Amino acid sequence: MKDWRYRLADQRGTLIALALFLLMFTIYIANHPAGLTANVAQTAANKGVLLAFIAMAQALVVITAGIDLSVGMIFLLTNCLASWIVVGAPVPTALGVAGVLIAGMVCGAINGLLVIYGRLQPIVATIATGAVYFGIALLLRPFPGGSVNEDLADVFTGKLFGVVPSSLVALAAVVLLVWLPFRRSEIGRAAYAAGSSESAAFMSGVPIRRGKFAAYTLAGLLAAVGGLFLTFFTYTGEAAYASGNGYTLWSIAAVVLGGVSLYGGKGSAVGAIFGAFAARTTGDMLFVFDVDPLWQPLLQGIVLMLAVSIGAFGLLRVRNRLEWFG
Amino acid sequence: MSEMAGRISGRFPRLIRRADPAVVTAFGCILLLLLLGSLYSSNFLSLDYLLQQLKVASFLGVIAAGMMLVILLGHIDLSIPWVMTAGAMMACAAAGFGAVGAALAIPFGVLCGVAFGLVNGVGVAYLRIPSMIVTLATNVVAQGLMVVYTGGFSPQDSAPPAVRWLATGFVVPGLPNAVLVWLAVSGAMVFLLGRTSLGRTIYGIGNSERAAYLSGVSTRRVVMIAFAVCGGLAAFGGILLAGYSSKAAQAMGDAYLLPSIAAVVLGGTSILGGRGSYLGTVAGVILITLLQSILSVMQMPEAGRQIIYGVVIVAMLLFYGRAPASR
């Protein structure tokens with residue numbers, strides 16, 4: 001095979017997710033009464049980026065063959081924290097933003113420490129830390145409320161030059177500043193190697209612990225960015241258990257739709273972003289087709305079920321039945 | 001006489017040696033919790049309180065029994081919340097169809113759970129989709145079905161008398177029926193896991209599905225059955241809960257997913273599958289129920305309860321749930 005074909009095969013999951021999203025978004029826009037105007041794009045982007053950030057966070061951990069069931073709770077915690085400290089004059093606001101991001105990183109780092117050095121299974125460890133993070137969020141905001149620097153919020157939720165949704169620009173900036181450097185660094189490769197085969201990576205002298213720790217910490221950071229954006233959209237902080245849980249579950253769905261393997265070592269956070277957009281567009285499509293909102297969860301579930309079943313076609317290519325048990 | 005004493009003394013150390021350290025620790029933690037609770041109020045050691053706790057624990061216990069089967073296989077079932085709700089709502093709905101409906105309410109609800117479990121099982125076993133994602137999708141589908149069914153509101157129909165009796169009545173004076181149900185389910189689980197080939201196969205698949213397959217076990221069928229049983233037990237737990245609170249409500253299952261996983265894992269079952277005893281799961285269920293109860297009796301606000309709950313689980317896992325150092 002030529003070089004480019006390997007590269008294409010490496011990005012297949014991401015490209016399929018992109019194609020899926022583009023297909024769904026085209027259908028959505030074609031049936032939207034207003035067509036593709038700047039406002040429609042802005043609304044769609046603002047709805048999509050929240051899940052996109054959480055899905056990126058989840059993707060980072062899933063690449064190391066782990067799972068983070070506390071992302072939704074870190075998201076809530078940082079939302080509640082932001083509704084306290086991202087206020088006032090520019091300098092306190094900037095400090096507040098930094099504080100929120102650091103809080104997210106600390107949450108992610110705690111998960112990483114428990115999983116790597118505590119040798120706990122990621123599923124149960126993050127369930128437990130998720131309960132703790134939700135408790136802290138509830139301490140911060142027993143009742144929905146608070147406020148945020150609205151000028152800053154409007155900058156991040158509005159349009160750049162009157163056309164481009166600025167939330168999308170922020171998402172692209174996060175990809176450029178967090179994901180790409182991580183992916184291209186030694187640490188990032190170590191995270192992939194740890195997910196692909198931990199013992200082989202260890203034997204080859206790859207710094208797997210540092211790689212996994214970085215992945216968990218950055219996942220906390222990305223979840224905090226998501227929490228910050230939630231505050232920008234709603235102007236308030238709210239510790240809603242169902243919402244945090246929902247984001248956690250949909251982040252796993254988005255990661256899978258985005259071509260990231262739950263067994264680790266395969267996929268990219270960019271794919272997870274398109275997976276998140278595709279998942280969000282399902283909801284929007286039901287809206288333009290005038291489906292009764294009551295049917296929305298059911299149709300979303302069926303779409304999700306069909307989407308994950310597509311992976312089963314790979315079974316047809318299996319020559320040796322033992323490969324079933326991967 | 002001396003021979004008898006020798007036999008007994010010879011037996012006890014073996015019992016202790018054979019006991020799973022995780023199970024012993026979990027029971028130790030239960031005693032510790034009761035002790036701490038009794039320092040706060042002497043009511044914690046009263047028979048009434050303990051029976052009440054067992055009754056509340058029995059709902060979680062029935063659900064955790066099913067969850068344990070799936071975790072022993074090395075899989076996980078995230079569809080518990082809405083399968084529970086679906087089971088409860090369908091049982092309440094069936095009771096609306098006269099005397100026949102009322103008689104078939106419980107079997108019908110459980111069957112609905114089994115149906116959702118079968119969907120999970122087919123996805124995991126035959127389509128080879130990771131269990132986490134199939135069960136997640138099933139959860140959303142079950143939620144969607146129930147939202148459509150109820151029209152977005154809590155249904156008006158309340159739990160039929162038979163269901164209420166099963167959850168809150170007394171056959172044996174003083175012993176709530178829910179506890180008897182849990183005992184029956186537990187007996188069946190112990191028999192299934194220890195004495196049937198299905199149970200032994202479940203352990204085998206959890207250790208190595210490949211090896212089990214090569215030994216001639218139709219592993220895919222076993223996985224599917226385990227998921228179906230898990231769905232059925234989740235629905236049954238939901239029905240009991242509906243009987244306890246006398247109606248089926250939309251979000252009733254949300255509070256049961258994480259505790260059911262935590263109970264199984266705290267009881268010493270490996271989340272990677274293949275290892276664990278049912279007694280440990282019982283200990284885990286009682287432990288979690290007691291912890292929640294003591295925190296609420298102490299009038300700890302919800303926030304503090306969540307934090308302590310999470311910290312205790314992490315601490316206990318660090319104490320005995322760590323993976324072996326691989327190198």
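This report covers the fold of chain B, helix α2(B) and the contact with chain A.

## Basis

This is a predicted model, where local features need pLDDT of at least 70, side-chain atom pairs count only at pLDDT 80 or more, and totals for chains, interfaces and linings use all residues. Residues are numbered from 1 along each chain as its sequence is written, with chains lettered from A and ligands numbered from 1 in the order in which they are written.

## Chain B

Chain B has 14 helices and two strands (DSSP runs numbered from the N terminus: H or I of at least four residues, E of at least two). Its C-alpha atoms fill a box of roughly 65 × 55 × 45 Å along the principal axes. Of the 327 residues, 50% are buried (20 or more other C-beta atoms within 10 Å of the residue's own, against 12 or fewer for exposed and in between for partly exposed; C-beta atoms are placed from the backbone).

## Helix α2(B)

Helix α2 of chain B takes in residues 21-40. Buried here are Ala22(B), Val23(B), Thr25(B), Ala26(B), Cys29(B) and Gly37(B). They fall within an arc of 160° seen down the axis, so they line one face of the helix (the arc is that of directions from the helix axis to the C-beta atoms). On the other side, Pro21(B), Gly28(B), Leu31(B), Leu32(B), Leu35(B) and Leu39(B) are exposed.

## Contact with chain A

Chain B gives 45 residues to the contact and chain A gives 44 (C-beta atoms, placed from the backbone, within 7 Å). On the chain B side, α6 (131-150), α10 (209-214), α12 and α14 each give two or more residues.

How values were computed
The expected span of a helix is 1.5 Å times one less than its number of residues. Two residues are in contact if their C-beta atoms, placed from the backbone, lie within 7 Å.
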